[in-house]
Each structure stands twice: as structure tokens, then as C-alpha cells.
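Here is a short report on one protein model. Look at the sequence and structure first, then read on.

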Amino acid sequence: MDDRDIKLQQRQTKRRRNELIIKCMISLFVLLGVILAVILVKDALIPQLSGKNKIKRQTLASDILASQRGEAPDGAAVSASAKDAEAELIAQADRLAAQYDYEKAISLLQASEQYTGSQTLQNAAAGYEASRSSCVEYALDQVTHVFFHTMIWDVSKAFDGDQNEAGYNQVMTTMSEFAGIMESMYAKGYVMVSLHDMCTVASDGTVSRGKILLPPGKKPFVLSQDDVSYYHYMDGDGFAQKLIVDEDGRVKNTYVEDDGSVSVGDYDLVPWIDTFVEEHPDFSYHGHKGVIALTGYEGVLGYRTDEVYRTKDASRVTEYQQRFFDAHPDFDEAAWQNEVDQAKAVAEAMRAGGWEFASHTWGHISPMAAGIDKVMQDTQRWLDNVASVVGDTDIIIFAFGADIGGWEPYTDDNPYFTYLKQQGFHIFCNVDSSQYWVQFGDTYLRQGRRNLDGYRMYYNPDMLSDLFDVDSVWDSARPTPVPEM
Ligand SMILES: [Zn+2]
């Protein structure tokens, strides 16, 4: 090949390259044009569902289309989208007002750009204001507090005559009983409030009375659930397996069926209440739900999160845990970390949905029987293994319905009280069968809780008549007599 050939080849290569660049640029322009057209048409045709930015973009897009057609901007389309935005704003405010948060409903409307020009929004705000001013302050020392354990989903498995049956019959409630109790309480005007609606804790640890404002006839109550661990001993006895976050971000239970398949649904208190409040928002005050009281020794919410599942420390592994390790020989540190991560995600979703957490002591201990040294070690374990997963709390719900003193107010001479205060606990709950038992100290709130379980329903139905009629919710699958304690 001589010099001329090489030069010719170079020129041809250069020309081909230039042609290629021009072709690429043309394709790019065509592509950009198509993208722009798609964006404009899509924004102009699809009705806007939410958000100020979207509305602005739609107006802009339709203006451009209109000017391209040589027409004036389409005023009618703009006002239709404003109407949509208004309707959505009112739907949001209605939900807040249904949960008695009239102030937030009003400020939501007032904060919108359309408010001053919209009679509809102003009328809605005036309606909320009228509802707000008709509310009455509820007497805090008459707020009742009811609690449950994990719900029995399959009665045939819980009441099958094995060694666990008596305990389940005494302290647990079946899913159908629980649904009946909640429906009755809802019909009677009960509304779920938070312990933090009852009091305000200042940064210096002083506790003052909160304010609960409800329409006349509505009655606040606190709901709690103890031991939401799905303990090993309950495996195969008809209880949910764990709490999960499903694909839609909802908190649900899993349940292991007889054939080993796993179902997802409302098999325990938390998802049942979530679904009920979705349908009946006025059952929840300001979106607040119950308090979940957790131990830590077998993990939380159905996840094996305690450090013992990581260390497998022989001096601490229990018989149940050994059986778990035998059944899951591949449960290693990564598996443990996965449990922690999942439990954290569930706890976060629950908090976002209005739930709160409380300590139920790490080892399900009775504090005064255990002694102060044991309480200190136990509390540290709770903070290290449970608070680190579900987040901090200032509520402690004692196990066994125990307490750290008699009915007289706690004092600073009480070493349990001063220690737990130092650890950040300001709200204390025991078990008390009376309709309500509320004590405010300068630095704490204490409340008694009523057990709505087989024992109470069987032996003292008359003590529950303010809440529900035992005969109409009693699960006929429950063996009688309920064993005495
Ligand atoms: Zn308990």
C-alpha cells in the first residue's frame, strides 16, 4: 500500500466518522423531541392526584400546548385541577378531624395557597372549629387501661390439652374474643389514646398532666399488649409467627400453616387494630394506637434479636434456645444480624403507624422479688438488646402485674424508682382490676391496667360491663372451668 492509498483511506475514514456523528446528532434530536412531546401530552392528559408541584407543572404544560395551538391558556382545565387539589386537601383534613385533631386539620387548610380564595376550604375550617369548641376535657384519673397478651388465632391448637393449655386459657384471649371486645368498645364511644396524651414529660424529668379533648360521650382508653415476642414455647400452638412489613408497607403477621406454608394476615392485635382504624379512624385519638410491652430474652416481635442468639454463650442458652439452635444449625452471626435488621424495620413501621413500645423488663422479672442489683442488670440488658432495636422509651410495664411499691406515691427513697427514673423511665404501669387507677406524681405517671383474658372474663364478667358483655364475645372453644390461678 503506497502513501496515496493511505491518504485516501484516511479521508474515507474521516468522512464515515463525520457522517456517523451527524446521524447520531439527528437521532438525539429526534429522541429529545419525542421525550418532550410525551412529557407534555402525559401531563396535560393525566388528571393530577396530589401535590402543588404537579399542579404547577400541569398548568405550565397545558399553557405551552395552548400557545403552540395559538390559543389562550386553558383556564377551565386549571380550575378543575385546583378543585381536585382542594378535594384532596379536605380529605386529608377530614381524616385528621375524624381523629379529633381539629387544630391540625384547620392549620393544614390555612397553610394552603388556595385558602384565602376558597370558600369551600374556609367553610370546612369553620366546621372543624365548631367541632373543636364542642369538645370537652376528659378527667385523666378516669382513663381506663386494658391489656392483652398475644392473641390465640387457632383455638384448636391452643386448647388441645397439652401442658400449655391452662396458661393460655387463663391469661390469653382468642382473636374472635378480641375483635368482639374492640367492636363493643368502639360502639360504646371508646377512643384509643397514648399514655403521652395523658401526661407531658419535661426535659428535667418533671411530669405534668396532659389534656385530652373529645366530643361529649367519647371515652379515652389506653391499650397495651404484653410479651409480643412470639416465644419459642408457643410454636405450633395456634399463634402468629412474627410481625412483618408487607410489600405495601403495612405491618402484618405471618402464620405457619399445618403444611408448612406461611400465610400473611391480621393474626394478632397490632395488624387487627391497624385495619380497624383504617376503617374507623375515629377509634384513634390523633392517630395514636397501643403500647407494646417487650421483654428481650427471646428477642422481639418474633425475631431472635437477643445477643445470646449471636454469642450462643453456653452459660446463658436455655433449653428452648438450644432446641432452636438444633433446628437451625446454620443460624450464624449474619442470620442474627438479619433478624435485628428486620425487627428494626417492623418497629419503625409500627411507630410511624401510631404504636409505642415499653419495657416489660428484659427477663420478665418481678422487680422487688428480684432485688435492685438484678433490676439494674436486667434494665441494662433491656437497653442493650431491646431499646437498640425498637428505639428508646420512657414507659415501663412491669411483668407479673408487679410494681416497685405500694399504692402510696413513689418517693425518692425508693431505690427502684430513683434508678428507673435515672434510666429514663417516667411512666409506670402495673395491673389493677378496678375500672381506672391513675396516679400523678411530680416526676411520674402511674396507671393500673385491666386484664381482659379468660380468667377475668370467666370469674368476674360483671367487672367488665363498662367495656363489653362477656356472654356475647366469649369463645365457645375455650375449655371451662378456666383453671384457677
Ligand atoms: Zn408478661
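Does alanine 335 count as buried, partly exposed or exposed, and why? Alanine 335 counts as partly exposed because it has 13 C-beta neighbours inside 10 Å. The cut-offs are these: buried means 20 or more other C-beta atoms within 10 Å of a residue's own, exposed means 12 or fewer, and partly exposed lies in between, with C-beta atoms placed from the backbone.

## Ground rules

This is a predicted model, in which local features need pLDDT of at least 70, side-chain atom pairs count only at pLDDT 80 or more, and totals for chains, interfaces and linings use all residues. Residues are numbered from 1 along each chain as its sequence is written.

## The whole chain

The protein chain holds 18 helices and 16 strands. Both are DSSP runs numbered from the N terminus: helices are H or I with at least four residues, strands are E with at least two. Of the 485 residues, 35% are buried. Take the contacts in the chain with a separation of 6 or more: 68% of them link residues 24 or more positions apart. A contact means C-beta atoms, placed from the backbone, within 7 Å.

## An open sheet and its helices

Three strands form an open sheet in the order 8-9-10, with antiparallel pairing. Strands pair if DSSP finds at least two bridges between them. Strand 8 (242–245) and strand 10 (262–265) are the edges; each has a single partner strand, so one side of each lacks a neighbour in the sheet. From one strand to the next, the twist averages 40°. Strand 9 (residues 251–256) is joined to strand 10 by four bridges. Threonine 254 sits opposite valine 264 of strand 10.

Two helices lie across strand 8 and strand 9. Helix 10 (residues 269–279) does so at about 135° to strand 9. Helix 13 (residues 333–352) does so at about 75° to strand 8. Angles run from 0 to 180 degrees between N-to-C directions, using axes fitted to C-alpha atoms, for helices over the stretch in contact. Alanine 335 belongs to helix 13. Its C-alpha is 9.4 Å from that of tyrosine 309, 26 residues away in sequence.

## Helix 8

Helix 8 (residues 175–187) has 13 residues. Its buried residues are Met175, Glu177, Phe178, Ile181, Met182 and Met185. They lie on the same side of helix 8, because they cover an arc of only 160° around the axis. The arc is taken from the directions from the helix axis to the C-beta atoms. Their cover includes strand 2 (144–148), strand 7 (219–226) and helix 10. Just after helix 8, glycine 189 takes a positive phi of about 95°.

## Parallel strands

Strand 13 (residues 395–397) pairs with strand 14 (residues 427–431) in the parallel sense, over three bridges. Here isoleucine 395 faces isoleucine 427 of strand 14. Between these strands the chain passes through helix 16 (residues 415–422), in a right-handed β-α-β crossover. Right-handed means that, with the strands pointing away from the viewer, the path from the first strand over the helix to the second runs clockwise. Strand 14 also pairs with strand 16 (residues 445–451), parallel, over five bridges. Cysteine 429 has glutamine 447 of strand 16 as its bridge partner.

## Backbone oddities

The loop between strand 7 and strand 8 holds aspartate 227 and tyrosine 230. Neither is a glycine, yet phi is positive: about 60° at aspartate 227 and about 55° at tyrosine 230. Aspartate 227 is partly exposed, whereas tyrosine 230 is buried.

The peptide bond from threonine 480 to proline 481 is cis, with omega near -5°. Proline 481 lies in the segment after helix 18.

Conventions
Expected span 1.5 Å × (residues − 1).
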